[in-house]
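Visitor: I would like to learn how to read a structure like this one. Could you take me through it feature by feature?

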Amino acid sequence: MHKLVIIGSTSNICKIRVFKNINDLDIFDKIYCYGWESWSSNDFKEYINNDVNGDTSNLIEKIEFIKGDYNDYDSTISHLINDNTIIYVCTPPLCYNDILTFSKEIDYNFKIIFEKPFSSNYNDFIKLKEKITNKVNILDHFLYKLDIMDLIQEFKNKEIKYIKLKFNYSDNVEDRLGYFDKVGFFKDMFQSHYLSIVYSLIGNKVINLKNSVIKKNIRKQYKSYGGKNKVDTYFYVELFDKRCTYIFEAGKSINDCKEITINNNTFKINNYENEY
């Protein structure tokens, strides 16, 4: 059996996705939930019962809440980690440097999992890259969507002349304004989900995108956005690299549509709950 440490356990992604998926896994005998709130374990369990989406009945007795800031892991969780520990990170990228520094100093053969985006910009990524060890796993949950897995299996390394990724969502981002005000939807979707899919389809040919022609680059924001910055909640980008046309579209608070077109074939991407 394993121990799970969730850093950022009160994040929105944990609330709507992570916990209900962990509930179906029978590999953890203890789950340590790390957050900044001044809660007891009972307070956190009440939050899980009342506010978290989905069935969490298998988790409650395994959970212990640990209060801490995002730079004091040595005094809060280092004593919990051993070879059978998995650390799952659900914080913004600005926390990653401290987490990687902390994890690099621990001798045990644990695993640490980072979700997208791995950094806020290229220069920050280069700095973080130096601290990546064989303990670090960088995952993108879009690659675990069943329909996308099937497409990658079908088209990987085949000749592709046209790719369009279109993920428009009817929900808005009003409950995630702190994140979106700093990131925007292009950074949230393009450099992680979309490029992960394209790379999985065409492999090292993705390097051709560096020299591609930008035919369209549209950014918009829905009218009722409650944030303070002029970040995008919708984008449409069209690129051409002499071999293939790439179209990337994504939006919030818009008509729901999730599909991928490869050459002349369009595939609907369904919502499944097990991608985490």
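Visitor: Is E238 buried or exposed?

Guide: A word first: this is a predicted model. Buried means under 20% relative accessible area. E238 has 13%, so it counts as buried.

Visitor: Which residue does the side chain of E238 meet in a salt bridge?

Guide: The general idea comes first. Side chains of opposite charge can pair when their charged atoms come close. Here, E238 pairs with K215, at 4.0 Å from N to O. K215 sits in strand β8 and E238 in strand β9. The two are 23 residues apart, and the pair links distant parts of the chain.

Visitor: How many salt bridges are found in the whole structure?

Guide: Six. One of them joins D171 and K252, with 3.1 Å between N and O. This pair also links distant parts of the chain, 81 residues apart. D171 lies in the loop between β7 and α7, K252 in the loop between β10 and β11. The partners can be read by their cover. D171 is partly exposed at 39% relative accessible area, whereas K252 is buried at 10%.

Visitor: What does the salt bridge between K30 and E64 tie together?

Guide: Find the strands. K30 is in β2 (residues 28–35) and E64 is in β3 (residues 63–67), so the contact ties together parts that are 34 residues apart in sequence. The N to O distance is 3.7 Å. K30 is partly exposed, with 23% relative accessible area. E64 is partly exposed too, at 30%.

Visitor: Now the sheet. In what order do its six strands stand?

Guide: Strands of a sheet pair through backbone hydrogen bonds, either parallel or antiparallel. This sheet is open, and its order is β8-β9-β10-β7-β11-β12. The pairing is mixed. At the edges are β8 (213–220) and β12 (265–268); each has a single partner strand, so one side of each lacks a neighbour in the sheet. From one strand to the next, the twist averages 10°.

Visitor: Which strands does β7 pair with, and in what sense?

Guide: Take its partners in turn. With β10, β7 pairs in the parallel sense over seven bridges. K164 stands opposite I247 of β10. With β11, β7 runs antiparallel, joined by six bridges. There, N168 has C257 as its bridge partner. Cover is the next thing to check. Six of the seven residues of β7 are buried, so the strand is mostly covered.

Visitor: How many bridges join β9 to β10?

Guide: Seven, between residues 234–240 and residues 245–251, and the two strands run antiparallel. L239, for instance, has Y246 in β10 as its bridge partner.

Visitor: Which strands does helix α7 touch?

Guide: Helix α7 (residues 177–202) packs on the sheet and touches β7, β8, β9, β10 and β11. The direction of α7 makes about 140° with that of β10.

Visitor: And which strands does helix α6 touch?

Guide: Helix α6 (residues 146–155) also packs on the sheet, in contact with β7 (162–168), β11 (257–262) and β12. The direction of α6 makes about 155° with that of β12.

Visitor: Which residues form the nonpolar patch on the surface?

Guide: L139, Y144, L146 and M149. Together they have about 330 Å² of accessible area. M149 belongs to helix α6. With a relative accessible area of 38%, M149 is partly exposed.

How values were computed:
Residues are numbered from 1 along each chain as its sequence is written. This is a predicted model: local features need pLDDT of at least 70, side-chain atom pairs count only at pLDDT 80 or more; totals for chains, interfaces and linings use all residues. Side-chain values use heavy atoms; hydrogens and water are left out. Two strands pair if DSSP finds at least two bridges between them. Helices (H or I, at least four residues) and strands (E, at least two) are DSSP runs, numbered from the N terminus. Axes are lines fitted to C-alpha atoms, for helices over the stretch in contact, and angles run from 0 to 180 degrees between N-to-C directions. Contact means heavy atoms within 4.5 Å. Patches are made of residues with over 30% relative accessible area and no salt bridge: like charges are joined within 9 Å, nonpolar side chains (Val, Leu, Ile, Met, Phe, Trp, Tyr) within 5 Å. Accessible areas come from the Shrake-Rupley method with a 1.4 Å probe; for residues, only the protein chains shown count as cover. Buried means under 20% relative accessible area, exposed over 50%, partly exposed in between (1.4 Å probe, protein chains only).
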